[in-house]
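Below are my notes on the model you sent. They deal with the ligand site and then with the salt bridges.

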Amino acid sequence: MERTLVLIKPDGVDRNLIGEIIKRFENGGLKVRDMKMVAPKKEFVEIHYAMHKGKPFFDLLIKYLANRQVVAMVLEGKDAVALVRKIVGTTDPSKADKGTIRGDLGNDSREKADAEHRSIYNVIHASGTPEEAKVELKLWFGK
Ligand code: GDP
Ligand code: MG
């Protein structure tokens with residue numbers, strides 16, 4: 001069994017998608033092992049997204065999450081990191097497959113976000129690799 005970190009980003013919370021999103025992970029065979037709602041400080045989000053430091057969208061990304069309510073959860077299952085990423089879909093919701101969370105529930109695109117100088121609003125953060133998951137679970141849940 002593997003564990004991974006998922007965040008329902010502020011757009012997902014604002015759009016009342018929490019229940020729908022959790023249902024999709026549970027139906028997909030994942031178990032919710034821990035969960036909390038928090039508004040992370042700017043410094044905390046900078047640590048969470050440290051891997052993107054220096055990229056053109058880094059500051060936009062910090063602004064997207066800092067001091068706004070997100071739902072953080074620990075999901076567990078077989079190959080949980082890869083399974084969750086599959087259920088979530090690709091970064092740009094306009095390109096994400098139908099049947100994925102971003103493909104079905106996302107209403108944004110990279111093109112639109114870049115033109116409006118903001119982060120892509122894509123509902124979810126999910127750890128990208130098992131190594132990232134370990135670091136992120138420690139950061140968000142201390143385990
Ligand atoms: P993820 O793992 O699919 O969430 O994507 P990344 O780790 O590559 O990027 C982190 C987050 O930054 C994404 O979920 C988007 O919200 C945002 N982002 C990524 N790429 C871009 C981009 O090219 N333009 C803008 N405006 N935002 C981006
Ligand atoms: Mg990522």
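**Notes on the ligand site and salt bridges**

1. I start with Asn-122. An N or O atom in the side chain of Asn-122 is 2.8 Å from an oxygen atom of ligand 1. This is a predicted model, and the distances here are computed from its atoms.

2. Two other side chains make polar contacts with ligand 1. His-52 places a polar side-chain atom 2.8 Å from an oxygen atom of the ligand. For Arg-85, the distance from an N or O atom of the side chain to an oxygen atom of ligand 1 is 2.9 Å. On its own, ligand 1 has 550 Å² of accessible area, and the protein covers 88% of that.

3. On location: ligand 1 takes up the space of the largest pocket. The pocket search considers the protein atoms alone.

4. The shell around ligand 1 holds 15 residues. Thr-91, Asp-114, Arg-118, Ile-120 and Asn-122 are the closest. By class, the shell consists of 6 charged, 5 nonpolar and 4 polar residues. Asn-122 thus appears both in the list of closest residues and in the polar contact of point 1.

5. Which helix supplies the largest share of the shell around ligand 1? It is α7, with 3 residues. Helix α7 spans 110–115, and α4 spans 58–65; each of the two gives at least two residues to the shell.

6. Away from the ligand, the salt-bridge count for the model comes to 12. One of the pairs is Arg-3 with Glu-76, whose side chains meet at 2.8 Å, N to O. This pair links distant parts of the chain, with the two positions 73 residues apart in numbering. Arg-3 belongs to strand β1 (residues 2–8), while Glu-76 belongs to strand β3 (residues 70–77).

Definitions and conventions
Residues numbered from 1 in each chain as written. Chains lettered and ligands numbered in written order. Predicted model: local features only at pLDDT ≥ 70, side-chain atom pairs only at ≥ 80, totals over all residues. Heavy atoms only, no water. Near = heavy atom within 4 Å. Polar contact = N/O pair within 3.5 Å; in protein donor to acceptor, adjacent residues only side chain to side chain. Areas by Shrake-Rupley, 256 points an atom, 1.4 Å probe, with all protein chains shown as cover. 1 Å grid on protein atoms, 1.4 Å probe; cavity = no way out; pocket = protein on both sides within 12 Å on 5 of 7 lines; lining within 4 Å. Sits in = over half its atoms within 2 Å of the grid points. Helix = DSSP H or I, 4+ residues; strand = E, 2+ residues; numbered from the N terminus. Nonpolar A, V, L, I, M, F, W, Y, C, P; charged D, E, K, R; others polar. Salt bridge = Lys/Arg side-chain N within 4 Å of Asp/Glu carboxyl O.
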